[in-house]
Amino acid sequence: MCLTIRRSELYFTLYKIMKGDCNHILVLLGPPGSGKGTQAELLAQKMGFVHYSTGEVFREEMRKKTPLGMKVAEFVSRGDLVPDEVVIAVVEKFVKDNSQNPIVFDGFPRTIPQAQGLDEILIKNQLKLTLVVLIDLRDEEVVLRLSSRRQCRACGKIYNLTFSPPKKNGTCDECGGELYQRQDDKEETVRERLEVYKNQTRPLIDYYQKKKILRRIDGALGRERVFEILSTLVTRPNPE
Ligand SMILES: [Zn+2]
């Protein structure tokens with residue numbers, strides 16, 4: 001696809017970037033269990049970011065029965081993957097609605113066409129992707145974190161036998177319900193999810209590395225330390 005940009009728009013974008021008041025647009029990458037959703041939430045709470053979470057934005061569009069939401073529902077109800085052009089259209093609407101705020105993308109992009117789509121949407125809105133952060137975690141750590149998750153059958157609260165165990169084995173602290181392991185969190189399923197993630201993400205890592213906007217944080221450092229590093233990177237996206 002050929003992208004045209006008016007010269008006046010280009011100068012305006014350059015001017016904003018040079019003045020340093022260009023909005024931060026941030027992409028978080030990381031395996032399941034890396035805590036990138038939590039980090040995106042923290043950026044929203046503490047630094048005024050708008051959090052784009054693919055799942056949540058999809059659910060919101062479907063709930064409001066917008067034309068885009070209906071389209072998404074078509075695929076979701078059949079259990080099919082939502083195609084790139086629909087995902088990109090949803091993101092385009094989101095960026096337009098939130099172009100005055102810093103945005104953190106979590107769970108998007110997942111493919112190269114989506115990454116290219118994002119670049120084009122940002123240019124059209126006189127914005128720029130300032131930083132991509134990979135919250136990295138070793139395979140064994142991912143398996144450990146996810147396979148020790150337990151959920152309450154009654155109230156849905158999530159526990160982690162390693163990091164946040166219930167007071168009484170197998171029983172929910174809040175409501176006394178029975179704790180169980182979701183199919184998604186069984187070791188075999190976790191290993192499959194991890195393979196899917198790697199195959200999807202490897203090309204994205206290359207894509208953003210070439211653009212020299214990729215930074216890595218070791219997810220094993222834990223939630224507080226990861227956020228400290230992340231917020232430093234956000235305040236100074238190009239430390240060199
Ligand atoms: Zn419960």
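So, which way does α2 pass α9, in a right-handed or a left-handed crossing? Hold that one for a second while I set the scene.

What we have up here is a predicted model. The protein has nine helices and eight strands. It runs to 240 residues, and 26% of those count as buried. If you take the contacts with a separation of 6 or more, 70% of them come from residues 24 or more positions apart.

Okay, back to our two helices. Generally, you describe a packed pair by the angle between the axes and the distance between them. Here, α2 is residues 36-47 and α9 is residues 223-235, and they pack at an angle of about 60° with their axes 10 Å apart. Perpendicular starts at 65 degrees in this scheme, so α2 is oblique to α9. And the answer to my opening question: α2 passes α9 in a right-handed crossing.

Who's touching whom? On the α2 side, T38, Q39, L42 and M47 make the contact, and on the α9 side you've got R223, V226, F227, L230, S231 and V234. Sort that contact by class and you get six nonpolar, three polar and one charged residues.

Last stop, Q183. You'll find Q183 in the loop between β7, residues 179-180, and α8, residues 187-210. Is Q183 buried or exposed? Q183 has 8 C-beta neighbours inside 10 Å, and the cut-off for exposed is 12 or fewer, so Q183 counts as exposed. If you want to find S147 from there, Q183 and S147 are 36 residues apart in sequence, and their C-alphas are 9.8 Å apart in space.

That's my tour, thanks.

Notes: Residues numbered from 1 in each chain as written. Predicted model: local features only at pLDDT ≥ 70, side-chain atom pairs only at ≥ 80, totals over all residues. Axes fitted to C-alpha atoms, helices over the stretch in contact; angles between N-to-C directions. Helix = DSSP H or I, 4+ residues; strand = E, 2+ residues; numbered from the N terminus. Parallel < 35°, antiparallel > 145°, perpendicular 65-115°, else oblique. Left-handed = near helix turned anticlockwise from the far one by under 90°. Contact = placed C-beta atoms within 7 Å. Nonpolar A, V, L, I, M, F, W, Y, C, P; charged D, E, K, R; others polar. Buried ≥ 20, exposed ≤ 12 C-beta atoms within 10 Å, placed from the backbone.
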